[in-house]
Amino acid sequence: AIPVIYVDVWRAGCSAILIQKQPDQWGNPVAFDQAALTNGKPRAFIGTAISGEPIVIDHEKEHGVLIAGASGSGKTEVFVAHHKSMLLSGIDPVIYIIDLKGTPQLKRLKSDCYISKTRDENDTVIPDIKTALNLMRGLVNELSERMECYSAADCDNIWQYRKRKNANEHPIVLYIDELAVLSRAAK
C-alpha cells in the first residue's frame, strides 16, 4: 500500500483528497485493519490518519465517496481497501467496477461486472465508454425503482429498508476509476 495524506471533507457524502508523495517519503505500508470493520454493517476501512487512527467510512451516514488525487497518490490503494472492506463486511454487495485504464490491481478484484478497455476495428486499445455508460443508465433505472420501493416502505435509504423490510436487499457498490474520462466522453 502507498501511504497517503488524507484531507477529509465529511458529512455531505465523503471525500478524500490524496496528496502525492515521492517514493522516499512513503514510509511503511499501511496494513489493512479488519478490526475497524463491524460485521453486517456497511463500514469500510480506507487507510490510517496522520494521528494513527483508522479512517473508516460509515455508509449508513456517508452514502457516496469521492477520492481525488494525482497519479501515484494512492487512489487505487483506497479502492482496494474499500473493496476488501465491502467483501468482509457481511453486507453481500453487488460490485461494479468501471476501470477505463485497465489497472492490473482493479482487474484482480472480485466484481459482478468489470468494464475496462476494448479494441476498435483497427485493434487500437480504447476505453469502453459505451458499455460503461450503458451500465450507468441501467443502474440509474434500478436505483430509481429501489428508491420508489424504499419510499413506499417509509424508508429513506437501503440501510433503513434492510432493517425494516428486507435484510437481504443487496447494496450496490460502484467503483469508477478515471471519472474525468467517463465524464468527458458522456458529453
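Of the 187 residues in this protein, 38% are buried. Bear in mind that the model is a predicted one. The protein has five helices and ten strands. About 10800 Å² of the protein is exposed, and carbon and sulfur atoms supply 50% of that area. Among contacts with a separation of 6 or more, 55% are between residues 24 or more positions apart.

Now to the aromatic rings. A pair of such rings is described by two things, the distance of the centres and the angle of the planes. This structure holds three aromatic pairs; I will go through two.

One of them joins Phe32 and Phe45, at 5.5 Å centre to centre with 85 degrees between the planes. That angle is over 60 degrees, so the pair counts as edge-to-face. Phe45 is in strand β3, while Phe32 is in the loop between β2 (14–19) and β3 (43–48), so the pair ties together parts that are 13 residues apart in sequence. Is each ring's residue buried or partly exposed? Phe32 is partly exposed, at a relative accessible area of 24%, whereas Phe45 is buried, at 3%.

Another pair is Phe79 with Tyr175, which is tilted: the centres are 5.5 Å apart and the planes are at 45 degrees. Here the pair links distant parts of the chain, 96 residues apart: Phe79 belongs to helix α1 (residues 75–88) and Tyr175 to strand β10 (residues 172–177). Phe79 and Tyr175 are both buried.

Back to Phe32 for one last item. What sits over the ring of Phe32? The charged end of Lys84 does, 4.6 Å from the ring's centre.

Technical notes: Residues numbered from 1 in each chain as written. Predicted model: local features only at pLDDT ≥ 70, side-chain atom pairs only at ≥ 80, totals over all residues. Heavy atoms only, no water. Phe/Tyr/Trp six-rings, centres within 6.5 Å; stacked < 30°, edge-to-face > 60°. Helix = DSSP H or I, 4+ residues; strand = E, 2+ residues; numbered from the N terminus. Buried < 20%, exposed > 50% of the residue type's maximum accessible area, 1.4 Å probe, protein only. Lys NZ or Arg CZ within 6 Å of the ring centre and 35° of its normal. Contact = heavy atoms within 4.5 Å. Areas by Shrake-Rupley, 256 points an atom, 1.4 Å probe, with all protein chains shown as cover.
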